[in-house]
Amino acid sequence: TGALAGVALLALLQHAGGSLIGAARAAPRAADLPSSRRTAIVAAAERVSPAVVSVSITGTRVVRGNPLGNFFNDPFFNQMMPQYEYHEQVSGLGSGFIVDPSGLLLTNEHVVRDADSVRVTLPDGRSMRARVLATSGEYDLAVLKIPGAHLPVAPLGNSDGLLVGEWAVAIGNPFGYLLLDTQPSVTAGVISATHRDVRSDASQTGVYKNMIQTDAAINPGNSGGPLVNAEGEVIGINTFIFTPTGGSIGLGFAIPINLARQKLDEVRRFGRIRVAWPGLSLQPVTTDLARRLGWSEAGGFVVTRVESGGPAERAGVHVGDRLLSVNGIAIHTVDDVQRGIYGANVGDRLSLQLERDGRRIEASLTLAELPRSND
């Protein structure tokens, strides 16, 4: 009787022109929302989110060891045991965003590193295989291609001249498909700093220069997703965080979009990200090395090798020259050297200040593409 009464009541309500259930679940119309709720962050998220994708990879790694592990804790005994080897399938999650309606998208190189297959899931639920067109471990960038046409595109902004304190919105898929929901997550914060250089021992994924720092939460799985300004334009690619716990503590870093745009243009023109090559090798001038070379003080770098026919030889650089500066940047550490050429493209000119036989000389070096083994 109670069930029948419930059915009758529901039918009566529907007949009267409304359902309590439907009213409770109905989404508010945009026209009904107070204007104060439609903030710049809401507008930016709406503009970019349709182009943000989840990137999932599967790969294979080789595991080696002995069948007893370190059970006896005896290095000699462990060396005598026969080794075993097997292939283990691994998986990974990340984010990315579409930059061309034909299906080009950007993400981090470490997201797709060692992948046997890459799959991309769009916010509308479509899932498809992706092809890796180009990667750069030096810049931690990857360009992927998915099939399609007229796909939603994330508008690219300008990462030069960012203001410390302006809004920053991080968009990505921190849990990928594990939430059974293909919609990306949005977190908001500010630009905390610009032009951050991160040492190699502070990051597990590489050496980074000129990074954007933000306190917008970036969590595992957000790597490769866009960092967006208040205009709804991508200004960076979320890449890594500093964290003692594995979660966000407000120290996130993004690759500037202007650098990513340069490398994307190279892929469009040449089908690859070209590595700029100066054609020389350097060694830091330590106190001991300075003494052996007969120099009065340490510092800078000495040229230890000049490749025949390479850019350095054409610029007149000699073995034994001391490199003092690159493009006006004084050279004291390895980080200084990397900063001097980081982001430079094939064809760019470097202004070098050298010391030779006690006198300073200037050299103009035009970067070439690093010779490839199959050329």
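This passage walks through a barrel of strands, two helices, a buried threonine and a group of aromatic rings in a predicted model.

A good place to begin is the barrel. Strands β7, β8, β9, β12, β11 and β10 close into a barrel of 6 strands in that order, and the pairing is antiparallel. Within this sheet, neighbouring strands are turned by 50° against each other on average, direction ignored. As general background, strands of a sheet pair through backbone hydrogen bonds, either parallel or antiparallel.

Several of the pairings can be followed residue by residue. Strand β8, which spans residues 185-198, pairs with strand β9, residues 208-214, over 4 bridges in the antiparallel sense. Here V198 stands opposite Y208 of β9. Strand β9 also pairs with β12, again in the antiparallel sense, over 3 bridges. In that pairing, T214 faces G252 of β12 as its opposite residue. On the β11 side, β11 and β12 are joined by 5 bridges, also antiparallel, and N238 has A254 in β12 as its bridge partner.

Strand β12 itself deserves a closer look. How many residues of strand β12 are buried? For this strand, residues 252-256, the count is 5 of the 5, so β12 is largely enclosed by the rest of the structure.

Aromatic rings bring β11 and β12 together once more. The structure holds 2 aromatic pairs. In one of them, the ring centres of F240 and F253 are 5.1 Å apart and the planes meet at 15°; because planes under 30 degrees apart count as stacked, this pair is stacked. The pair links distant parts of the chain, with F240 in strand β11 and F253 in strand β12, 13 residues apart. Both partners are shielded: F240 counts as buried at 9% relative accessibility, and F253 is buried with a relative accessible area of 4%. Together with Y208, the residues F240 and F253 form one aromatic cluster. The Y208 of this cluster is the residue that V198 stands opposite in β9.

Helix α3 can be described next. This helix covers residues 40-48, and its residues A44, A45 and V48 are buried. Viewed down the axis of α3, the buried residues fall within an arc of 100°, so they line one face of the helix. This fits a general pattern: an α-helix has 3.6 residues a turn, so residues three or four places apart point the same way. Helix α3 lies across β7, β8, β10 and β11, and runs at about 35° to β7.

Helix α9, residues 334-341, can be read in a similar way. Its buried residues are D336, V337 and G340. Down the axis of α9, these residues fall within an arc of 100°, so they too line one face of their helix. They pack against β14, β15, β16, β17 and β18. After α9 comes G343, which has a positive phi, near 85°.

Finally, T107 offers a view of a single residue and its surroundings. T107 is found in strand β3, residues 104-107. Is T107 buried or exposed? At 0% relative accessibility, T107 counts as buried. Beyond its neighbours within four places in sequence, T107 is in contact with a set of residues including S95, G96, V112, D140 and S223. With S95 there is also a polar approach: a polar atom of the T107 side chain lies 2.6 Å from the backbone oxygen of S95. G94 is 13 residues from T107 in sequence, and the two are 8.1 Å apart in space, C-alpha to C-alpha.

Key. Residues numbered from 1 in each chain as written. Predicted model: local features only at pLDDT ≥ 70, side-chain atom pairs only at ≥ 80, totals over all residues. Heavy atoms only, no water. Buried < 20%, exposed > 50% of the residue type's maximum accessible area, 1.4 Å probe, protein only. Helix = DSSP H or I, 4+ residues; strand = E, 2+ residues; numbered from the N terminus. Arc of directions from axis to C-beta. Pairing = 2+ DSSP bridges. Axes fitted to C-alpha atoms, helices over the stretch in contact; angles between N-to-C directions. Contact = heavy atoms within 4.5 Å. Polar contact = N/O pair within 3.5 Å; in protein donor to acceptor, adjacent residues only side chain to side chain. Phe/Tyr/Trp six-rings, centres within 6.5 Å; stacked < 30°, edge-to-face > 60°.
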